[in-house]
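Let's take a friendly walk through a protein model, starting with the overall fold and ending with a few odd spots. Have a look at it first.

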Amino acid sequence: MKKSNELLSELKEILDNIQHLPMEIYQKLNQLASVHIFKKNEVIREKDLPENEAHFVIEGSLALFEEDKIIRPFFKGQIAFDAEAFYQNKASKYKMMAICETITFAVSKDKEQLILDKLPELSELSKVLKKKSKEDDDHWLKISQMHYKDAIPLLREKLGENLSVLSRKHIGDITGVNPRTIDRFNKKIFLNKKSLVIKTRNRQIFNYPFASEIHPDHEFVSNLNWDWLGKMKLLTHNRDKAKFQKMQLHALACRLFPEASFEAVNWISKLYVLFFLMDDYTDKLPIGKKAEFWMGALNYLLSLTLNLPSSTEVDIPDTFKKSIKYLLNNLKIHASDQSLSHIKAGWATYFKSCIWEATNVDLMKVPDMDQYLLQRPLFSGGHLSLQLIPFTMEDSHPHIYKVWPSLQEYVKLASQLIFISNDLLSFEKEKKLKDPHNLVQLYMLHFGYTEEEAKKQVLSIHDQTLLDFLKLDRQYLESYFPENQILLNTIKKIKYQVAGAVAWSVKDTLRYTDF
């Protein structure tokens with residue numbers, strides 16, 4: 001059995017991801033709460049009884065059951081309780097039971113306010129945990145309403161190794177299908193086990209120790225994007241809307257910036273959708289005309305940002321010019337002068353790198369490996385996305401630009417993780433297009449690797465980069481001081497981008513699986 005101090009250290013380690021507090025706070029909390037150890041299938045509370053305790057799960061899993069049907073499981077880092085019964089002083093309709101050996105830290109209803117009175121340092125943490133608990137409940141409700149083919153990959157992504165705790169019957173209860181249907185679905189997954197998308201959904205690769213989230217207003221953002229695309233005349237037909245909804249282009253911004261203000265994520269999503277449409281437009285241009293398009297785009301951007309006359313030698317369609325001008329004017333409303341300057345520079349760098357890529361395609365040239373590694377984070381948009389983080393934080397953290405330079409090595413590693421994961425997940429699409437701008441392709445072309453050897457090599461580069469990223473992450477966390485909270489908030493947002501880029505590619509969009 002673990003000692004009390006070991007359990008408190010484990011509790012602190014989990015909650016440090018939300019808010020760093022000294023160990024003394026947890027030692028004081030331990031005197032007002034209680035640790036419970038439950039055996040597998042042990043009943044914690046029968047149905048039709050009041051919910052008087054909330055259990056924070058340190059290890060294992062608890063669940064609410066209606067008769068023998070699992071309704072809602074709870075895992076490490078979650079608060080296990082019937083929220084409706086707890087807050088409304090009602091008898092619970094459900095039985096609470098441990099589905100494996102479980103350790104929890106429990107707070108009784110009558111001591112909740114006493115704890116906050118005696119330990120006011122926990123007030124903010126308490127608010128965040130309650131909010132997170134509500135979001136988790138909403139998320140489980142959505143999963144229960146999904147088709148099982150969508151729900152099972154989502155369960156794998158959300159639960160990871162915790163999924164093994166749930167039986168076939170449990171998964172069938174949650175998704176609303178017979179366990180035999182689950183078996184057939186898993187068999188199909190097995191037959192496609194070499195697919196990188198399937199491996200990612202099964203958390204065999206890109207299994208990051210930090211989560212992806214999505215902006216709570218992502219559906220509203222989608223509707224606003226469609227309206228905007230119509231006004232800009234970028235997409236106008238119903239068939240375009242069907243494709244737009246299938247590709248979920250707007251959702252990338254919502255994945256990368258899940259905590260940004262609505263105004264910021266709405267603007268960024270429009271920018272990304274524009275970039276996707278420009279990229280698709282370039283793909284349809286004949287060889288020899290692709291770089292010219294991006295030169296025209298850069299020329300027009302600079303004419304607006306530097307007040308220079310626009311060249312007539314290279315030009316782009318009016319719909320793109322109208323969209324670029326709209327986004328720049330709109331940015332001036334929401335961004336500080338420093339953010340405006342920062343984003344203009346990043347935007348121009350993105351267009352310049354797109355010119356480099358398009359020039360290679362026009363010349364039918366296979367890029368040099370060193371040049372590719374230098375340019376790929378730029379024309380992928382990953383570098384620009386990371387550089388947008390200060391813009392999304394400046395309202396709540398006015399000094400973000402003072403902190404940002406100290407994180408450049410961390411940002412560089414994040415940028416590498418983003419482009420490497422994208423090269424692996426987009427490989428099949430780019431192979432069909434015969435586009436050599438892909439790290440897997442370049443290992444095959446330059447070094448004679450087979451496809452499987454090249455994928456394995458690129459994955460190993462990714463995994464080593466991730467180790468370097470996590471090592472630097474630990475250094476920041478170990479040197480934590482309360483005044484560094486802005487730095488830790490920024491690190492969290494960088495992690496959202498790394499995990500969010502993968503989640504969007506395999507969960508939200510069909511861009512890399514339906515082409």
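The protein chain has 25 helices and eight strands; both are DSSP runs numbered from the N terminus, with helices being H or I over at least four residues and strands E over at least two. Its radius of gyration is 25 Å, close to the 24 Å from the globule rule for 515 residues, so the chain is as compact as a globular protein of that length. That radius is taken over C-alpha atoms, and the rule is 2.2 Å times the number of residues to the power 0.38.

A word on the source: this is a predicted model, where local features need pLDDT of at least 70, side-chain atom pairs count only at pLDDT 80 or more, and totals for chains, interfaces and linings use all residues. Residues are numbered from 1 along each chain as its sequence is written, and side-chain values use heavy atoms, leaving out hydrogens and water.

The chain splits into domain 1 (4-143) and domain 2 (195-508), with bounds from an automatic or database domain assignment. Their centres, taken over C-alpha atoms, sit 38 Å apart.

Now for the inside. Buried residues make up 51% of the 515, where buried means under 20% relative accessible area, exposed over 50%, and partly exposed in between (1.4 Å probe, protein chains only). The largest nonpolar core holds 109 residues, and Trp267, Trp294, Trp347, Phe351, Phe469 and Ile494 touch the most other members. Helix α13 (residues 262-284) gives the most to this core, with 12 residues. A second, separate core of 25 residues includes Leu11, Leu15, Leu21 and Phe105. Such a core is a set of buried Ala, Val, Leu, Ile, Met, Phe, Trp, Tyr and Cys residues joined through side-chain atoms within 4.5 Å.

Which residues does tryptophan 267 contact, leaving aside neighbours within four places in sequence? They are Leu327, Asn330, Leu331, Ile343, Trp347, Leu388 and Phe391, with contact meaning heavy atoms within 4.5 Å.

Two loop residues stand out. Phenylalanine 206 has a positive phi near 55° without being a glycine, and its loop runs between α9 (196-201) and α10 (218-231). Methionine 364, also not a glycine, has a positive phi of about 50° and lies in the loop between α16 (337-362) and α17 (369-379).

Here is how some residues score for accessibility:

| Residue | Relative accessible area | Class |
|---|---|---|
| Cysteine 100 | 17% | buried |
| Cysteine 354 | 2% | buried |
| Phenylalanine 206 | 8% | buried |
| Methionine 364 | 70% | exposed |
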